[in-house]
Amino acid sequence: MTRPPSPQLTLEHFHAFIEPAIHVIEKMVGLSVRAGVPRVGTSVPQEETVTVMIGLRGDLTGTIVFRFRTDLVRRIVKGLTGDEETIDEIDGAAQDALGELANVIAGNATGNLQRLGLQVTVTLPVIAMGRDFRLVFPDIPELVVIPLETAHGDIEMSVTFAAKVNGDNAP
Amino acid sequence: MKTRAMIVDDSSTMRQILRGLLEKNGFDVAAMAESGVEAVERYPEVKPDFVTLDMIMPRQNGLVTLEQIKRLDPNAIVIMVSSLAAEDSIVVCKEAGAADYILKPFDEAKVMAVLQRVLKD
């Protein structure tokens, strides 16, 4: 299959992530999800959050970022593991669960991207915890934030990427 | 005697999910490894009837691990269990000798159907 050297990024590329996010969270966690209105820009969380970042490599390079509020983390981990015990702290097990959830969403998105003619693979998740910090992607200016709305609050999914052109990233 | 499984996944959450699913369906989870390197080291000693193997892992990915296990035991039954949905990932694993490729998130019926088929062959 011949791939275009400089694919135009369209809404379809963002939908490649939205569809698996909804499907995976519903199937693995048991939470119904609706995609909210996307916005361009970044946000600084004013409350404690767990942030999971996964790199995209290949015909697209960039990052997919998930931000979970800590109260929602408890609901998600319980849904993933079936563990009925209340989580008192976001420990290694909880971080692992969120990393795996993000990994499955990003991995599933690679199938949609391939159907758009793009070969992409994903990196291992990186996790950050806390509040009042800003994520900066100096080489890729556009950060698109897609709220994933659940009955227990929103999960913030941000996607930032650029198509590869002759070995470089085109902003 | 129960069919013996080895679960290889860097995520403790996924190991726990798979272990629960397999034990519920009468399998003996003989070993769990959190890396491909550990899986290859322990494979000769454990001698499982089948392996479930993740693709995206630190240090050594699932494809390299698959190739090394197949070199140790050409008859090894290795089922990839991965989030990577791109068709080329599936093709390359099957070409390297994977018995099947299960996409995460999976459901129990799918996993059991695959196991019934590959263990019967």
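Tutor: Two strands pair if DSSP finds at least two bridges between them. The model discussed here is predicted.

Student: Which residue stands opposite B:Arg4?

Tutor: Strand E1 (residues 4-8) of chain B runs parallel to strand E2 (residues 28-33) of chain B, and five bridges join them. The partner of B:Arg4 lies in E2(B) and is B:Asp28.

Student: What is the order of the strands in the open sheet of chain B?

Tutor: The sheet has five strands and parallel pairing. From one edge to the other, the order is E2-E1-E3-E4-E5.

Student: Which strands of this sheet stand at the edges?

Tutor: The order again is E2-E1-E3-E4-E5. A strand at the edge has a single partner strand, so one side of it is left without a neighbour in the sheet. In chain B that applies to E2 and to strand E5 (100-103).

Student: What does the twist average from one strand to the next?

Tutor: The sheet in question is the open one of five strands in chain B. From each strand to the next, its twist averages 20 degrees.

Student: What angle does the direction of H1(B) make with that of E2(B)?

Tutor: Consider first the middle of the sheet: strand E3 (residues 50-53) and strand E4 (residues 78-82) of chain B run parallel, joined by three bridges. There B:Thr52 has B:Ile79 of E4(B) opposite it. H1(B) packs on the sheet and touches E1, E2 and E3 of chain B, and its direction relative to that of E2(B) makes about 165 degrees.

Student: Is the β-α-β unit of E1(B), H1(B) and E2(B) right-handed or left-handed?

Tutor: E1(B) and E2(B) are parallel strands. With H1(B), they make a β-α-β unit that is right-handed.

Student: Which helix supplies the largest share of the side of chain B that touches chain A?

Tutor: The contact takes 21 residues from chain A and 16 residues from chain B. On the chain B side, helix H1 (12-24) and helix H4 (87-95) each supply at least two residues. The largest share is four residues, and it comes from H1(B).

Student: How is H3(A) placed relative to H1(B)?

Tutor: The axes of helix H3 (residues 92-115) of chain A and H1(B) come within 7 Å. They cross at roughly 85 degrees. An angle of 65 to 115 degrees counts as roughly perpendicular, so H3(A) is, relative to H1(B), roughly perpendicular.

Student: Which residues in H1(B) meet H3(A)?

Tutor: H3(A) contributes A:Ala93, A:Asp96, A:Ala97 and A:Glu100. By class, this contact has three nonpolar, two polar and two charged residues. Those from H1(B) are B:Ser12, B:Thr13 and B:Met14.

Student: Is the peptide bond from B:Lys104 to B:Pro105 cis or trans?

Tutor: B:Pro105 lies in the loop between E5 and helix H5 (108-120) of chain B. Most peptide bonds are trans. Here omega is near 0 degrees, and the bond is cis.

Student: What is the phi of B:Lys47?

Tutor: B:Lys47 sits in the loop between helix H2 (36-46) and E3 of chain B. Most residues other than glycine have a negative phi. B:Lys47 has a positive value, near 45 degrees.

Student: Which element of chain A has the lowest mean pLDDT?

Tutor: Chain A averages a pLDDT of 84, and 83% of the residues score at least 70. Over residues 1-6 of chain A, pLDDT stays under 50. Among the elements, strand E1 (residues 34-35) has the highest mean, 96, and the lowest, 49, belongs to strand E9 (residues 168-169) of chain A.

Methods:
Residues are numbered from 1 along each chain as its sequence is written. Chains are lettered from A and ligands numbered from 1 in the order in which they are written. This is a predicted model: local features need pLDDT of at least 70, side-chain atom pairs count only at pLDDT 80 or more; totals for chains, interfaces and linings use all residues. Two residues are in contact if their C-beta atoms, placed from the backbone, lie within 7 Å. A crossover is right-handed if, with the strands pointing away from the viewer, the path from the first strand over the helix to the second runs clockwise. Axes are lines fitted to C-alpha atoms, for helices over the stretch in contact, and angles run from 0 to 180 degrees between N-to-C directions. pLDDT is the predictor's confidence in each residue, from 0 to 100. Angles under 35 degrees count as roughly parallel, over 145 as roughly antiparallel, 65 to 115 as roughly perpendicular and the rest as oblique. Ala, Val, Leu, Ile, Met, Phe, Trp, Tyr, Cys and Pro count as nonpolar, Asp, Glu, Lys and Arg as charged, and the others, Gly among them, as polar.
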